[in-house]
Amino acid sequence: MTRAYNFSAGPATLPESVLQQAQAEMLDWHGAGASIVELSHRGPEFLQVAREAEADLRTLMSIPDDYAVLFLQGGATAQQALIPLNIASPGQKADYVLTGHWGKTAIKQAKPYVDLNIAASSEAGGFRDIPARGEWQLSDDAAYVHITANETIHGVEFRDTPDVGDTPLVADFSSSIVSEPLDVSKYGVIYAGAQKNLGPVGVSVVIIRRDLLECAGQPRADIFNYASHVAKESMLNTPPTWNWYLAGLVFKWMLAEGGVEEFAKRNARKSALLYDVIDSSGGFYRNEVAAAVRSRMNVPFFLKDEALDKPFLAEAKEAGLISLKGHRAIGGMRASIYNAMPEAGVQALAGFMRDFQQKHG
Ligand code: PMP
């Protein structure tokens with residue numbers, strides 16, 4: 001068996017040791033006589049898994065006590081709808097800063113519930129930059145300001161937390177959570193689908209400042225109410241136990257590897273290596289994102305001639321480098337290099353890109 005280096009944007013590569021551990025525990029979890037996914041979510045075994053996962057994530061991200069942590073279903077897209085339902089009153093204003101494809105989905109999901117103001121947008125420039133904070137047209141009375149911390153398709157990442165005063169800052173961290181240290185206290189809500197940096201698809205993490213749970217919000221069923229989920233420790237109904245368990249294994253792996261400080265260093269080296277190959281290729285490879293906001297997690301790039309796309313992907317696959325095709329929304333190539341992508345994988349890709357240019361340039 002040979003595992004390829006997998007640059008998929010999500011579901012994405014997982015640490016090999018985590019997969020091995022899950023494999024070893026598959027039939028009999030710690031002497032329970034059954035797999036963890038065959039046991040009740042209310043039993044002592046799964047409760048231990050769930051509570052350890054939350055505790056480990058709190059340690060990893062230094063989450064203050066006045067924040068609740070939820071493990072929910074529905075993906076990041078569901079959170080994009082639940083946020084206005086939970087923390088804005090009907091018809092209240094909400095400000096959105098649009099910096100790429102996923103900001104658009106956030107706007108689409110929120111629009112039925114709020115008076116939505118696009119406070120700033122980089123769409124006219126093809127989502128290659130982040131509008132300067134001074135240009136944002138924030139409302140005086142918005143329920144929150146929403147940003148997409150890292151745009152997975154366009155490869156644009158906030159490198160600083162914007163100051164929005166007392167208005168709660170809500171951020172979609174789906175593709176960059178736990179990639180570097182983060183001051184959680186600067187945010188009202190942080191949410192992320194797990195399938196990039198946290199584990200397998202099927203569970204989302206929501207980190208919410210507890211006072212926001214007291215917002216009246218809008219008429220909504222219990223299952224869409226964050227406060228109800230907090231009261232029931234994310235077990236209002238049957239949670240996605242397998243996904244939660246695997247995410248917990250990823251958190252333990254991250255802690256053992258040195259935590260977010262260590263991953264920040266690795267991620268900086270990994271992304272710098274790829275951008276260097278692109279920038280020093282004399283136009284053979286191209287990334288048009290403003291240097292200051294280039295994503296460390298998703299590196300989109302184009303070849304100088306589209307006719308080279310197919311051979312690039314085919315030869316990369318031959319070399320054990322898979323899932324490099326760019327998102328259909330923009331085409332080209334994309335290398336997603338989350339925490340679980342080893343530096344050796346990025347070095348292999350950089351070497352391949354240089355060789356490919358030599359051959360076809
Ligand atoms: N936000 C971002 C930044 C994403 O990358 C994605 C998925 N690629 C989503 C939201 C949507 O996530 P989900 O499919 O979990 O709903």
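Q: Where must the C-beta atom of a residue lie for the residue to count as near a molecule?
A: A residue is near a molecule if its C-beta atom, placed from the backbone, lies within 6 Å of that molecule. Keep in mind that what you see here is a predicted model.

Q: Which residues surround the ligand here?
A: Walking along the chain, you meet Gly 10, then Gly 75, Ala 76 and Thr 77, followed by Trp 102. The rest of the surroundings are Thr 148, Thr 152, Asp 172, Ser 174, Ser 175 and Gly 193.

Q: What classes of residue make up the shell around the ligand?
A: The shell has eight polar residues, two nonpolar ones and one that is charged.

Q: Which helix gives the largest share of that shell?
A: Look at helix H3, residues 75–87, which supplies three residues, the largest share.

Q: What does the UniProt record list as "binding site"?
A: The unreviewed entry puts that annotation on Ala 76, Thr 77, Trp 102, Thr 152, Asp 172, Gln 195, Asn 237 and Thr 238. These positions span 163 residues of sequence and are spread in space too, with C-alpha atoms up to 30.4 Å apart. To find one of them, Thr 152, go to the loop between strand E6 (150–151) and strand E7 (156–157).

Q: Which residues does the record give to the domain?
A: In the unreviewed UniProt entry, "domain: Aminotransferase class V" is listed for residues 5–349. Over that stretch the chain is 32% helix and 17% strand, and its end C-alpha atoms are 9 Å apart.

Q: What describes two packed helices?
A: The angle between their axes and the distance between the axes are used. Let's try it on H3 and helix H4 (residues 101–110): their axes come within 8 Å and cross at roughly 45°. H3 and H4 are therefore oblique to each other. The crossing of H3 with H4 is right-handed. On the H3 side the contact uses Thr 77, Gln 80, Ala 81, Ile 83 and Pro 84, and on the H4 side Thr 105, Ala 106, Gln 109 and Ala 110. That contact of H3 with H4 has five nonpolar and four polar residues, and no charged ones.

Q: How do H1 and H6 pack?
A: H1 and helix H6 (residues 241–257) have axes 10 Å apart, at an angle of about 130°. H1 and H6 are therefore oblique to each other. Their crossing is right-handed. Ser 17, Val 18, Gln 21 and Ala 22 of H1 make the contact with Leu 246, Leu 249, Val 250 and Trp 253 of H6. Six of the contact residues of H1 with H6 are nonpolar, two are polar and none is charged.

Q: At what angle do helix H7 and helix H9 pack?
A: Helix H7 (residues 259–279) and helix H9 (residues 343–360) pack at about 5°, with axes 10 Å apart. Angles under 35 degrees count as roughly parallel, so H7 and H9 are roughly parallel to each other. Arg 266, Arg 269, Lys 270, Leu 273, Leu 274 and Val 277 in H7 meet a set in H9 that includes Glu 343, Val 346, Met 353 and Arg 354. The contact of H7 with H9 has seven nonpolar, five charged and one polar residues.

Q: What sign of phi and what kind of peptide bond do most residues have?
A: Most residues other than glycine have a negative phi, and most peptide bonds are trans. Here, the peptide bond from Gly 10 to Pro 11 is cis, with omega near -5°. You will find Pro 11 in the loop between strand E1 (5–6) and helix H1 (16–25). Val 178 has a positive phi of about 50°, although Val 178 is not a glycine. The loop between strand E8 (169–172) and strand E9 (189–193) holds Val 178.

Technical notes: Residues numbered from 1 in each chain as written. Predicted model: local features only at pLDDT ≥ 70, side-chain atom pairs only at ≥ 80, totals over all residues. UniProt positions renumbered as here; feature names shortened; annotations may be inferred. Helix = DSSP H or I, 4+ residues; strand = E, 2+ residues; numbered from the N terminus. Nonpolar A, V, L, I, M, F, W, Y, C, P; charged D, E, K, R; others polar. Axes fitted to C-alpha atoms, helices over the stretch in contact; angles between N-to-C directions. Parallel < 35°, antiparallel > 145°, perpendicular 65-115°, else oblique. Left-handed = near helix turned anticlockwise from the far one by under 90°. Contact = placed C-beta atoms within 7 Å.
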